[in-house]
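The exercises below ask for a careful reading of one chain, moving from its overall form to single residues. Each task is followed by a solution that goes step by step.

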Amino acid sequence: MARALPSALLQRDTGVLPWLGASLLVHAGLLGVLLLVRGLGGGPVMKLDPEPIKASLVRLGKPRDQKLLPRKEELPPPPPGE
């Protein structure tokens, strides 16, 4: 004989508390492992006495031909007062 499926409308005991406790334990464990790994790593080493950067100006090749440079067109003078 076929067995009848239980109704979806019936309330069942889902047992949320054990799953909630297990989730909290797993999350606390992961947080502990992350903190332990970060604490053992020592963090990045920082130089407290950095050497200054020396910069010098250099000439960048020869100047461009004046014919190749963009020119600003002059506007015609305004007409005499009207």
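A residue is called buried when its relative accessible area is under 20% and exposed when that area is over 50%, with partly exposed in between. The model used throughout these exercises is a predicted one.

**Exercise 1. State what share of the 82 residues in the chain is buried, and describe the accessible surface.**

Solution. With the cut-off of under 20% relative accessible area for burial, buried residues make up 0% of the 82 residues in the chain. The next step is the surface itself, whose accessible area comes to about 9,800 Å², with 66% of that area belonging to carbon and sulfur atoms.

**Exercise 2. Determine how many helices and strands the chain has, and whether it is more spread out or less spread out than a compact globule.**

Solution. The count of secondary structure gives one helix and zero strands. The radius of gyration of the chain is 39 Å, whereas the globule rule gives 12 Å for 82 residues, and because the value lies well over that figure, the chain is more spread out than a compact globule. The extents of the C-alpha trace can then be added, as it spans about 105 × 60 × 35 Å along its principal axes.

**Exercise 3. Find how far apart the mean positions of the positive and negative charges are.**

Solution. The chain carries 11 positive and 7 negative charges. Taking the mean position of each set, one finds the two points 11 Å apart.

**Exercise 4. Locate Leu-17, classify its exposure, and name the nonpolar patch to which it contributes.**

Solution. Leu-17 lies in helix α1, which covers residues 16-41. Its relative accessibility is 67%, and since exposure requires a value over 50%, Leu-17 counts as exposed. Together with Val-16, Leu-20 and Leu-24, Leu-17 makes a nonpolar surface patch of about 430 Å².

**Exercise 5. For the pairs Leu-17 with Lys-72 and Ala-28 with Arg-59, set the separation in sequence beside the separation in space.**

Solution. Leu-17 and Lys-72 are 55 residues apart in sequence, and their C-alpha atoms are 79 Å apart in space. For the other pair, begin with Ala-28, which also lies in helix α1 and is partly exposed, with a relative accessible area of 49%. Ala-28 and Arg-59 are 31 residues apart in sequence and, from C-alpha to C-alpha, 61 Å apart in space.

Definitions and conventions:
Residues numbered from 1 in each chain as written. Predicted model: local features only at pLDDT ≥ 70, side-chain atom pairs only at ≥ 80, totals over all residues. Heavy atoms only, no water. Helix = DSSP H or I, 4+ residues; strand = E, 2+ residues; numbered from the N terminus. Rg over C-alpha atoms; globule rule 2.2 N^0.38 Å. Buried < 20%, exposed > 50% of the residue type's maximum accessible area, 1.4 Å probe, protein only. Areas by Shrake-Rupley, 256 points an atom, 1.4 Å probe, with all protein chains shown as cover. Lys, Arg positive; Asp, Glu negative; His and termini not counted. Charge placed at Lys NZ, Arg CZ, Asp CG, Glu CD. Patch = residues over 30% accessible without salt bridge, like charges linked within 9 Å, V, L, I, M, F, W, Y side chains within 5 Å. Salt bridge = Lys/Arg side-chain N within 4 Å of Asp/Glu carboxyl O.
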